[in-house]
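Here is a friendly walk through one protein chain and its ligand. Keep the viewer open and follow along as each region comes up.

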Amino acid sequence: MTHSSKKDAAIGQGGELHQHTSSDSETLTTQQGLPVADDQNSLRVGTRGPTLLEDHIMREKIFHFDHERIPERVVHARGYGAHGYFETYENLNDLTRADIFQRAGEKTPVFARFSTVAGNKGSADLPRDVRGFAVKFYTKEGNWDLVANNIPVFFIQDAIKFPDLIHAAKQEPDRGFPQAQTAHDNFWDFVSLTPESMHMIMWIMSDRAIPRSFRFMEGFGVHTFRLINSEGKSTFVKFHWKPKQGLQSVMWNEALKINGADPDFHRRDLWDAITMGDYPEWELGLQVFDEEFAEKFDFDVLDATKIIPEEEIPVKIVGRLVLDRVVDNFFAETEQVAFCTQNIVPGIDHSDDPLLQGRNFSYLDTQLKRLGSPNFTHIPINAPKCPMHHFQQDGHMAMHNPKGRANYEPNSWGEKGGPRENPAKGFTSYAAPLSGQKARIRSETFADHYSQARQFYISQTPIEQKHMSNALIFELSKVERKDIRERIVSHLLNIDDDLAKAVARGLGLEALPQPAQAAKPTRRDLKASEKLSILKNGPDTFKGRKIGILMTDGADADIYSALENIAKSEGALIEVIAPQVGGVTDNRNTKISAAQKVDGGPSVLYDAVVILTSEEGAKNLVKLPPAKDFVNDAFAHCKFIGFVKGAEPLLEATGVAQKLDPGCLLLKDEESVSSFVKTCRNLRFWEREEGFVES
Ligand code: HDE
């Protein structure tokens, strides 16, 4: 659409002056296609009289507006999506007949949506929460939805507990708050009475629950699924997504501040990365195992509160997901996309995991409520991209309606009678032999709730362990009832003594409670698993990360251009923060525009920072509290700080000059800038963390 800049002043029917733009764009119409002459004034009697009910143009416009909202998702309401493709690395026909895995190099279109779980649609991006990682593959044999999370286990073992879990996690029903957080009595009350949640509690109290962005987190299908090959042979599988960008999280104090500074931090990050051509990628990994392994494994592979350590079953990488296109319209795509765990394709099948079985009911059911019609598959984002032929018909908003006389099967209309079933090509469920009594029971093999929780804890680095105890102390300090706090500590005693003691100390408990009674002997000491730690699996590059450069007039032009070039060759971004968004003039009299005014670009929005000021400029920044916060926060959040000599007045005023450490690097020439950017690959200077003593 083109817009001419020619503006005309016109007198509306009511006599008031308004501006309109004359252009060669299309004529504005109503939904019925009626050309609109005046979109500024409703139809009324006289210049100041009542509006007429007859004004169908105004009524249509307001009627439509009144109905713009659809119900938000009951969980995972806040999310952000993007388009891309999945590229198959190799033919997997020995494992599965799924069409998507047959041809190396083939690309299948996908739509992915990332989300938080507990918060409402308008909440912030960085609460402590699980992240959804849902991918719809538009395969040639139907849509396959891998509706995953960024944590490989779940809180509960049986779907019947899901409404209780979610009620407890979301706002308390009388007061309607707190929003988007689990730091309240109801959540901790429920989990303290649900020991099976303890493994998941370890994960959500870790930094996994505050990812740096969607691009830097893993995804997990959680349940065991089945792969079926063309001979009908079944192999169990767990699905993994591994980010090519490496794992990264933020610190809790940082997350709290990011939510204020930029509640859209994660969605903006995804949007920016894709629109700048830095397409995020994940590799799809499979953990495949047979019945024999399932039998001898320490835990039940149908129990969604358990993982299979990668050391026991390595992850086989079979393809990659690339997100390379942002949405054209948030509502049409991200909001209306409907993932259903029941959407599987020939060659993939469900297992008997009771959580998965419940999900298979819930997703279809919830889409009907949310999208209002069983025809939600007619919405383009949900429609398969392969041919579809069926006899389902009518219903609200039916968009694809069959032609011809036959709308049932079998029929004897010959070729005109429409599609026929195809036993050779069609989906068949794996013929698992089953028997048993009908009863509401849970298998004994689901009973050990603590061993893997402990395994997760001991697999973390000391810094990560400290973040976990701090997270528990933070959350439980928001819990009003002491008995609930104590009940959690009694579970922690079944996981790790030091953790339980640290949390009890942090809560000011006078004495340790008795360990929680456990159905199974606790503390089976499992081997630590390297893959469970974020810090042990960080990136070896600073690619895709962002350096915030706090600049003033008179800044050193050479250092700036070195930063610009070296960051670019690393694949990292720089962003200038200045006292005014108009920018600064460097010491060569060149104007450098700023992306942020200093109070709009706090250091929490960057992975590393540089203080690039003249001495005069630094003295002026001392008078701006947000400039001091910029430095103080960067230091407190263990970020690498590059600075020039001129920055000293600001470093002194913040007290950072007095505690400079190897994470603070003086930038004086191209070489020092280069080693600063290389150092940034470590992401944080953790040794600085306040009160942290390496054990
Ligand atoms: Fe979901 N979940 N869930 N969930 N879930 C939904 O479906 C449900 C579970 C997950 O971006 C809902 O369309 C039950 C595990 C994601 O649109 C709903 C149970 C995992 C998304 C629902 C679970 C997930 C949802 C709400 C326990 C990780 C967002 C809106 C039995 C493997 C998808 C919707 C998107 C969404 C039910 C547990 C992942 C109500 C009953 C485990 C990523 O159907």
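## A tour of the chain

His 76 sits in the loop that runs between helix H1 (56-66) and strand S3 (79-88). Please keep in mind throughout that this is a predicted model. His 76 makes a good starting point, as UniProt lists His 76 and Asn 149 under "active site" in an unreviewed entry. These two residues span 74 residues in sequence, yet their C-alpha atoms are no more than 10.5 Å apart, so they gather at one spot.

**Around the ligand**

How many residues surround the ligand? There are 25, and the closest are Arg 73, His 76, Gly 132, Ala 159 and Val 222. Strand S4 (107-116), strand S5 (131-139), strand S6 (142-149) and helix H9 (354-371) are the elements that each give two or more residues to this shell. Which of them gives the largest share? That is H9, with seven residues. By residue type, the shell around the ligand holds 13 nonpolar, nine polar and three charged residues.

The record also gives a wider frame: the UniProt annotation "domain: Catalase core", again from an unreviewed entry, covers residues 29-417. Over residues 29-417 the chain is 22% helix and 19% strand, with the end C-alpha atoms 42 Å apart.

**Two helices and the loop between them**

Next, look at helix H2 (residues 162-169) and helix H3 (residues 185-192), which pack at an angle of about 145° with their axes 7 Å apart. From H2, the contact uses Asp 164, Leu 165, Ala 168 and Ala 169, while H3 brings Asn 186, Phe 187, Asp 189 and Phe 190. Sorted by type, the residues of this contact are five nonpolar, one polar and two charged.

The loop between H2 and H3 is worth a stop as well, since it holds Pro 178. A cis peptide bond joins Phe 177 to Pro 178. Another cis bond leads from Glu 409 to Pro 410, and Pro 410 lies in the loop between H9 and helix H10 (451-458). That loop between H9 and H10 also contains Asp 394, which has a positive phi although the residue is not glycine. The backbone angles are collected here.

| Site | Angle | Value |
|---|---|---|
| Phe 177 to Pro 178 | omega | about 5° |
| Glu 409 to Pro 410 | omega | near 5° |
| Asp 394 | phi | near 60° |
| Gly 232 | phi | about 85° |

**A hairpin and its neighbour**

Gly 232 belongs to the turn of a hairpin formed by S8 and S9, with five residues between the two strands. Strand S8 (residues 225-228) and strand S9 (residues 234-243) run antiparallel and are joined by four bridges. Within this pair, Arg 226 stands opposite Phe 236 of S9. S8 also pairs with strand S12 (residues 348-349), again antiparallel, through two bridges. Here Leu 227 has Ile 348 of S12 as its bridge partner.

As general background, strands of a sheet pair through backbone hydrogen bonds, and the pairing can be parallel or antiparallel.

**The parallel sheet**

For the parallel kind, move further along the chain. Which way do the strands of the six-stranded open sheet pair, parallel or antiparallel? The pairing is parallel, and the six strands follow the order S17-S14-S13-S18-S19-S20. Strand S17 (596-597) and strand S20 (664-666) are the edges, each pairing on one side only. S20 is joined to strand S19 (residues 641-643) over three bridges in the parallel sense, and Gly 642 stands opposite Leu 665 of S20.

Helix H14 (residues 557-570) packs on this sheet, where H14 touches strand S13 (546-551), strand S14 (573-578) and strand S18 (608-612). The direction of H14 makes about 150° with that of S14.

**Stepping back**

Zooming out, the chain has 18 helices and 20 strands. Its radius of gyration is 29 Å, close to the 26 Å that the globule rule gives for 695 residues, so the chain is as compact as a globular protein of that length. Taken along the principal axes, the C-alpha atoms of the chain fill a box of roughly 90 × 80 × 55 Å.

Definitions and conventions:
Residues numbered from 1 in each chain as written. Predicted model: local features only at pLDDT ≥ 70, side-chain atom pairs only at ≥ 80, totals over all residues. Near = placed C-beta within 6 Å. Nonpolar A, V, L, I, M, F, W, Y, C, P; charged D, E, K, R; others polar. UniProt positions renumbered as here; feature names shortened; annotations may be inferred. Pairing = 2+ DSSP bridges. Contact = placed C-beta atoms within 7 Å. Axes fitted to C-alpha atoms, helices over the stretch in contact; angles between N-to-C directions. Rg over C-alpha atoms; globule rule 2.2 N^0.38 Å.
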